[in-house]
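Q: Can you walk me through this one? I'd like to start with a single residue and work outwards.

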Amino acid sequence: MKNIEKIDLEYLKFSDYKELQDLMHTCYPKINDPAWSKEQIRTLTSIFPEGQVVIKIDGRLVACAMAIIIDYSRFDDNHTYLDVTGNDSFNTHTPDGDTLYGLDMMVDPEFRGMRLGRRLYDYRKELCEELNLRSIIIGGRLPSFHKYDDLTAKQYIRKVKSKEIHDPVLNFQLSNDFHVKRVVKNYLPEDDASESFAAILEWANIYYSKPEKKYKPDKSVVRLGLVQWGMRPYKGWDDLTEQIEYFVDAVSGYRADFLLFPEYVNAPLMAEYNHLSEADAIRQLAGYTDRMRDTLAEFAISYNVNIITGSMPEFKDDVLKNIGYLCKRNGEIERYEKIHPTPDEVKVWGMSGGNQIKTFDTDAGKIGILICYDVEFPELSRLLANQGMDILFVPFLTDTQNGYSRVRNCAIARSIENECYVALAGSVGNLPKVHNMDISFAQSVVFTPCDFSFPTNGIKAEATPNTEMILIVDVDLDLLKELHEQGSVRTMKDRRTDLYDVIIKKAANR
């Protein structure tokens, strides 16, 4: 081995991805496509950077260890890798959990014998002690098990422990003071060398002290305020925003955590441009979007409510999109986009689809937002559910009852299949002086999964159809947690991700 000048242990960075990908292919040559995705690495380095570490020798990445923190009481010793990682979403990571769970550890074969693995384990142990976690749990592969057809997995492990069989992975873990808790089948179905068996191993932190129970500020019961907005002529900006503030004030008076406006909430302002073509008129409306965002952001702070602004047109770099903002009551602003413009939006206005899909962390749960037509594409909400979404908000605008039925019925399905709440808010009334926005039909509603802790028909509450009003609804996030683990059916856990999955494909830069 050549002379080594420097060995560094440091946090894994997203910019290390290419080297990490090469390392995984080197370390796991017998596993099909072993590399972690860019999105997974981005997530892990974001939610728990100190849990993802690498060793670099003279600048070359030669070893890596990745981990999350979990509340182990949510699982049992018979869990699989997908169970403990939330189907690779890592939404099981719990900063106030009690267990450091090792996801992966690898050392370049060229540098084995230098005790790099021990350095990584020592780091994990120090981190476990520093964070006052009860233990480290790992799922240990059995890479030599396929050579012993006459042994059960339990017999194999016993012979490894008694030194009758050498297993490079298990021997190393046992030498680092881990003990076997259980042998599980189908831990990693794609691990042919281990015949999908794994040993669940634990290292106990002898310095662990059970913390006193503390008050948790995270909300369980979340109050939603849905505005069933009346489309009608307004005299101008001041008249429109006065009505918007009226609804913000009303919903805030009920101490709501979220306020949802519908799609194209500021459409009445297009009346001033009705002498133009429809395409030119909506581009003029886009000129109000930044001002509307800033106004609603001020309302969110002053009225102490997280405001989902519905949607508004945006015209930048000669591209027209349908976008909206989450204006948090702490002053933060986040943006979302309509991925699928309707055929009418494309044909009449020249609308383009967005390319951003993500969840948002708030002080009242993790939420997702899909604008109208997007809720009719189940893969979008599944991506959000994989990221741990509790509530899906859907601002919409439909002109006919059959159009509304499409949105409504798809939203019901999204609630059941993703085990989340879905809140819809739409517009009613009509705009006689705005082309292509003549009439509106809506019934705002909050849907739930259909199980014993929820309404039998999956409807938590709904507004009066075609009437301007607000709908105030409480939803309990703890009921979702129980559903995920103990529901009559568990649509998220029971998915056959060994056969299919939904993943995010990064859009090309535009």
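Q: Where does Arg115 lie?
A: Arg115 lies in the loop between strand 4 and helix 4. Keep in mind that the model is predicted.

Q: Is Arg115 buried or exposed?
A: Arg115 is exposed. The relative accessible area of Arg115 is 61%, and exposed means over 50%.

Q: What about phi of Arg115?
A: Phi of Arg115 is near 60°. That is a positive value, and the residue is not a glycine.

Q: And Lys163, what is its phi?
A: Lys163 has a positive phi of about 70°, and Lys163 is not a glycine either.

Q: Where is the place of Lys163?
A: Lys163 sits in the loop between helix 5 (153-161) and helix 6. Lys163 is exposed, with a relative accessible area of 65%.

Q: OK, helix 4 came up. What does helix 4 lie across?
A: Helix 4 covers residues 116-130. Helix 4 lies across several strands, including strand 2 (53-57), strand 3 (60-70) and strand 5 (135-141). Helix 4 runs at about 165° to strand 4 (99-107).

Q: And helix 6, which strands is it touching?
A: Helix 6 (residues 168-175) packs on the sheet and touches strand 5, strand 6 and strand 7. The direction of helix 6 makes about 15° with that of strand 7.

Q: Tell me about that sheet. What order do the strands have?
A: It is an open sheet of seven strands, in the order 1-2-3-4-5-7-6. The pairing is mixed.

Q: Which strands stand at the edges?
A: Strand 1 (7-11) and strand 6 (179-184) do. Each has a single partner strand, so one side of each has no neighbour in the sheet. From one strand to the next, the twist averages 25°.

Q: How many bridges join strand 6 to strand 7?
A: Five bridges join them, and the two strands run antiparallel. Strand 7 is residues 198-204. In this pair, Val184 stands opposite Ala198 of strand 7.

Q: What holds paired strands together in general?
A: Strands of a sheet pair through backbone hydrogen bonds, either parallel or antiparallel.

Q: New topic: strand 8. How many of its residues are buried?
A: Nine of the 11 residues of strand 8 (residues 221-231) are buried. Strand 8 is therefore largely enclosed by the rest of the structure.

Q: Which strand do eight bridges join to strand 8?
A: That is strand 22 (residues 469-476), running antiparallel to strand 8. Strand 8 also pairs with strand 9 (residues 258-260), in the parallel sense, over three bridges.

Q: What stands opposite Leu224?
A: In strand 22, Val473 stands opposite Leu224. In strand 9, Phe258 does.

Q: One more residue. Where does Ser444 lie?
A: Ser444 is in the loop between strand 19 (439-440) and strand 20 (445-447).

Q: Buried or exposed, this Ser444?
A: Ser444 is buried, with a relative accessible area of 1%. Buried means under 20%, so Ser444 qualifies. Leaving out residues up to four places away in sequence, Ser444 touches Leu226, Gln228 and Glu462, among others.

Q: Now zoom out. How many helices and strands does the chain have?
A: The chain has 13 helices and 22 strands. Buried residues make up 52% of its 510 residues.

Q: What box do the C-alpha atoms fill?
A: Roughly 85 × 50 × 40 Å, along the principal axes.

Methods:
Residues are numbered from 1 along each chain as its sequence is written. This is a predicted model: local features need pLDDT of at least 70, side-chain atom pairs count only at pLDDT 80 or more; totals for chains, interfaces and linings use all residues. Side-chain values use heavy atoms; hydrogens and water are left out. Helices (H or I, at least four residues) and strands (E, at least two) are DSSP runs, numbered from the N terminus. Buried means under 20% relative accessible area, exposed over 50%, partly exposed in between (1.4 Å probe, protein chains only). Two strands pair if DSSP finds at least two bridges between them. Axes are lines fitted to C-alpha atoms, for helices over the stretch in contact, and angles run from 0 to 180 degrees between N-to-C directions. Contact means heavy atoms within 4.5 Å.
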